[in-house]
Amino acid sequence: MTIYDVSEKAGVSIATVSRVLNGSENVSDQTRQKVLAVIEECGYTPNAFARGLGLNSMNTIGILCADSSDLYLANAIYYIEQELRENNYNCILCCTGYKLEDKQKYLNLLVNKKVDSVILVGSNFVADNDTENDYIREAAKEIPILLLNADFDCENVYCSLCDDFKSTMQATTYLIDAGIQDILYLYNSRSYSTLRKLSGYQSALTQKGLPLRMEYIQYFPGSHTDLLAIADFLSDLDHSLKYQAVVAADDNLAIGTVKFAHKKGLSIPDELSIIGYNNSILSNCCDPELTSVDNRLEILCHHIVKTLIGILTDNEMPQKVIFSGELIKRGTTL
């Protein structure tokens with residue numbers, strides 16, 4: 001018996017059951033009695049100690065990220081923690097790495113630590129193999145789960161994301177409209193977000209009647225923080241591929257491409273145009289400054305906390321909200 005079963009049997013939302021268990025006043029007496037009757041009838045024991053005692057919320061939110069040294073994830077954690085603090089919530093942060101078993105372990109740990117909800121930061125928590133997402137489904141039976149920049153359809157899971165497909169399609173189209181046809185797509189992960197960007201790149205080529213050439217889709221196997229290795233990787237490709245532009249899945253890869261261009265003596269953007277993604281601080285740290293897609297990270301984080309607060313105060317909140325990115329043009333494109 002889980003909180004999901006109680007909500008289903010009582011005919012109310014999981015959030016309402018949570019409010020009853022927390023002793024919230026934001027529930028009608030009739031609904032409260034109905035939920036308590038189901039709990040007593042089924043012998044349900046809440047997982048969290050505080051809820052089992054009928055105390056108020058622990059005012060603690062769990063945050064999971066794969067790697068807090070990643071610039072995008074680090075910024076997301078900062079924005080989320082700041083927003084939660086302003087709403088009088090504490091945080092427990094766990095860095096899981098990228099292995100499925102570790103993601104499962106840390107999510108279960110946070111659920112058992114009596115947190116009110118967990119925010120999964122980054123699209124790497126959602127796997128292509130759907131059975132590998134069961135750990136999210138199981139956790140969502142106990143507490144609300146929120147996903148930043150990933151799409152996952154499940155009850156009690158709420159998603160806030162940028163339209164990476166459309167944003168990358170528009171960035172690639174911008175290059176094509178500038179007269180560039182040989183465009184390399186450079187990526188170094190197979191996360192939900194990165195693959196959506198790849199689909200956007202491919203869609204732009206198709207819509208403009210250009211061929212899809214697999215050799216122009218390049219996976220960099222190293223760390224995206226190793227800028228010199230990225231430059232060397234592109235130097236090795238330069239013997240067999242000729243391209244006029246690079247669309248990179250993040251700003252690190254794009255900066256590595258700038259280093260490659262300087263190493264080869266290529267003029268940017270006349271001989272090589274470069275577009276990054278995330279519009280991070282790195283965009284202003286190279287010469288010329290980097291054209292990049294702004295994926296609205298701060299807005300995404302604000303919205304996901306707003307959604308969370310709404311859920312925890314028993315308001316109906318949208319399960320998925322998608323924001324549009326914006327191409328910020330700088331010196332690496334014409």
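In this predicted model, R213 lies over the face of Y216, at 4.2 Å from the ring centre. A second such arrangement involves K197, whose charged end sits over the ring of Y277, 4.1 Å from the centre of that ring. Y277 belongs to strand β9, where it is one of the buried residues. Strand β9 is in turn part of an open sheet of six strands. The points below cover the sheet, the aromatic rings, the loop that holds S283, and the backbone geometry.

**The six-stranded sheet**

- The strands of the open sheet follow the order β7-β6-β8-β9-β10-β12, and their pairing is mixed.
- At the edges stand β7 (217-219) and β12 (326-328), each of which pairs on one side only.
- From one strand to the next, the twist averages 20 degrees.
- Strands β6 (residues 183-187) and β8 (residues 245-248) run parallel and are joined by four bridges.
- Within this pairing, L186 stands opposite A248 of β8.
- Strand β8 also pairs with β9 in the parallel sense, here over three bridges.
- A245 has S273 of β9 as its bridge partner.

**Covering of strand β9**

- Helix α8 (residues 164-177) lies across β6, β8, β9 (273-277), β10 (291-294) and β12.
- The direction of helix α8 is at about 170 degrees to that of β9.
- Strand β9 is mostly covered, with five of its five residues buried.
- In a regular strand, side chains alternate between the two faces of the sheet.
- On one side of β9 the buried residues are S273, I275 and Y277, and on the other side they are I274 and G276.
- Both faces of β9 are therefore covered.

**Aromatic rings**

- The model contains five aromatic pairs.
- One pair is formed by F220 and F233, whose ring centres are 5.4 Å apart; their planes meet at 70 degrees, over the 60 degrees required, so the pair is edge-to-face.
- This pair links distant parts of the chain, with F220 in the loop between β7 and α10 (227-237) and F233 in helix α10, 13 residues apart.
- F220 is buried, because its relative accessible area of 5% is under 20%.
- F233 also counts as buried, because its relative accessibility of 18% is under the same 20% limit.
- Y185, Y187, Y201 and Y219 together form one aromatic cluster.

**S283 and the loop between β9 and β10**

- S283 is placed in the loop between β9 and β10.
- With a relative accessibility of 0%, S283 counts as buried.
- The side chain of S283 makes a polar contact with the side chain of D251, at 3.3 Å.
- Leaving aside residues up to four places away in sequence, S283 touches D251, E289, L290, S292 and R330.
- The loop between β9 and β10 also holds P288.
- N278 is found in this loop as well.

**Backbone geometry**

- Most residues other than glycine have a negative phi, and most peptide bonds are trans.
- The peptide bond from I268 to P269 is cis, with omega near 5 degrees.
- P269 lies in the loop between α11 (251-264) and β9.
- D287 and P288 are likewise joined by a cis peptide bond, with omega about 0 degrees.
- N156 is not a glycine, yet it has a positive phi of about 70 degrees.
- The position of N156 is in the loop between β4 (145-148) and β5 (157-162), and N156 is buried, with a relative accessible area of 3%.
- N278 is not a glycine either, and its phi is positive at about 115 degrees.
- N278 has a relative accessible area of 18% and is buried, because this value is under 20%.

**An exposed loop residue**

- D128 is located in the loop between β3 (117-121) and α7 (134-140).
- D128 is exposed, because its relative accessible area of 67% is over 50%.
- D128 and D153 are 25 residues apart in sequence, and their C-alpha atoms are 13 Å apart in space.

Key: Residues are numbered from 1 along each chain as its sequence is written. This is a predicted model: local features need pLDDT of at least 70, side-chain atom pairs count only at pLDDT 80 or more; totals for chains, interfaces and linings use all residues. Side-chain values use heavy atoms; hydrogens and water are left out. Two strands pair if DSSP finds at least two bridges between them. Helices (H or I, at least four residues) and strands (E, at least two) are DSSP runs, numbered from the N terminus. Axes are lines fitted to C-alpha atoms, for helices over the stretch in contact, and angles run from 0 to 180 degrees between N-to-C directions. Contact means heavy atoms within 4.5 Å. Rings of Phe, Tyr and Trp (its six-membered ring) pair if their centres lie within 6.5 Å; planes under 30 degrees apart count as stacked, over 60 as edge-to-face and the rest as tilted. Buried means under 20% relative accessible area, exposed over 50%, partly exposed in between (1.4 Å probe, protein chains only). A charge sits over a ring if NZ of Lys or CZ of Arg is within 6 Å of the ring centre and within 35 degrees of the ring normal. A polar contact is a pair of N or O atoms within 3.5 Å; within protein, one must be able to donate a hydrogen and the other to accept it, and residues adjacent in sequence count only if both atoms are side-chain atoms.
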